[in-house]
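Biologist: Could you take me carefully through one part of this model, starting with how two of its helices lie together and then moving on to its metal ions?

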Amino acid sequence: MLCPGLHGSVAQVTLADHENPVSAGETDATFKLVHDHADRIYLWDYERSRTQLVTLYNKAMGSQWNSLTDLDWNTDVDPEGLVDQGSPSMQLFRATAAEPGSPIATWGDSEFTALGIEMFKASLSQFMHGEQGAMLTAAKIVETVPWIDAKYYAATQTMDEARHTEVFAKYLDLKVGEAYPMSPFLEEQITVLLEDSRWDIAYLGMQIVIESLALAAFGDMLRRTEEPLLRKLLRYIMSDEARHVAFGILTLKEFYAGLTDAELKDRQEFLLDNTLRNRARSTTPEVWERLGVNVGTLAPHLSVAAGKMKSSPFVGFQRGFFAKLVPNVGNNGYLRDRWGQAGLLEFEHADDTASDYDSYDEVAKDRSMNR
Ligand SMILES: [Fe+2]
Ligand SMILES: [Fe+2]
């Protein structure tokens, strides 16, 4: 049996494989193998020399929250109530239905609500899979980073990401329904980080790119929902994510100060590739398939409708992403030029997350209110 959701160069694992780590009894198990090319580093220097990382680690220990006792899982959730009918993407889908010959021309409110629920489920599913990727990446950093303060911090992040994965999986399972598979785009983006031999690439791809993206995506969902359980778990997850981004900025700032121009150029290329590619994200085809709509037939109508709208529904979200990412990467000649061409420099002087992560700490705010 082949595992679903395997893509590209990733090893395909079958249950007949004699090196298969799944025991014979676990016939339904599905997994993916990733080969990491980085060295693990055992350190003998225990001196706490990086004070900003020490502060961040202490903060992380104090702001850990408990997924069982801090969240009320008895909250009733109406999946229809999770749909923001006025969101830019819902407006686009309604406009697509109005296009001559559109395969969804006959759709009424109930179909659009069903679509909204599936889109919501698809987003939450990508959050869940991405969080597992973050957990694996943080664990990789524990093993590969050559500084003790960074190993300690990454260990707290690994726990944070376990909690995030767990709560998204639980919310999907208890409140909304069957998850979607990981998108090939996200899967490839994370696999590349897990395979790379350079430890800093894990930081650059996860803490700087994907977690800036996650902060923007969670913030977007938070603004669009009144559901109290979802609101609280997003607020708490965002508190953690802001620290993770700060961890990336602090570490890479120090490490990159010692790299050669050629090594830095390499990292800039990586970042450019990953950030500009993010702008070209498309909607999840599985959602349409689940609703019985042929994506190939729909796509031309969708793009005509999008062309007629004043702005793309994804513009607001992407603004949120780059508003975090650009200041987080800082002033950098080569990237500055390329991002300038892409119109992204308006965010250059916004606060970076290393300086404003404390303002995200909703866990500490709730605790001080309850005291
Ligand atoms: Fe996370
Ligand atoms: Fe994170």
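Are helix 3 and helix 5 roughly parallel or roughly antiparallel to each other?

Modeller: This is a predicted model, in which local features need pLDDT of at least 70 and side-chain atom pairs count only at pLDDT 80 or more, while totals for chains, interfaces and linings use all residues, and side-chain values use heavy atoms, without hydrogens and water. Residues are numbered from 1 along each chain, with chains lettered from A and ligands numbered from 1 in the order written.

Helix 3 (residues 109-144) and helix 5 (residues 184-195) have axes that come within 10 Å and cross at roughly 5°; helices here are DSSP runs of H or I with at least four residues, and axes are lines fitted to C-alpha atoms over the stretch in contact, with angles from 0 to 180 degrees between N-to-C directions. The two helices are therefore roughly parallel to each other, a term for angles under 35 degrees, whereas over 145 counts as roughly antiparallel. Helix 3 brings Q126, G130, G133, L136, T137 and K140 to the contact, and helix 5 brings L186, I190, L193, L194 and E195, where contact means heavy atoms within 4.5 Å.

Turning to the metals, the iron ion (ligand 1) is held at 1.9 to 2.2 Å by E131 (OE), E161 (OE), H164 (ND1) and E241 (OE); donors are N, O and S atoms within 2.8 Å of the metal (3.2 Å for Na, K and Ca), and the absence of water may make sites look incomplete. Along the chain, these donors of ligand 1 follow the spacing E-x29-E-x2-H-x76-E. Because H164 belongs to helix 4 (residues 148-176) and E241 to helix 7 (residues 228-256), this pair ties together parts that are 77 residues apart in sequence. Both H164 and E241 are buried, meaning under 20% relative accessible area (exposed is over 50%, partly exposed in between, with a 1.4 Å probe and protein chains only).

The iron ion (ligand 2) is coordinated, also at 1.9 to 2.2 Å, by E161 (OE), E211 (OE), E241 (OE) and H244 (ND1). Ligand 2 lies 3.2 Å from the iron ion (ligand 1), and E161 coordinates both. Here E161 in helix 4 and E211 in helix 6 (residues 199-223) form a pair that links distant parts of the chain, 50 residues apart. E161 counts as buried because its relative accessibility is 0%, and E211, with a relative accessible area of 2%, is buried as well.

How values were computed: Angles under 35 degrees count as roughly parallel, over 145 as roughly antiparallel, 65 to 115 as roughly perpendicular and the rest as oblique.
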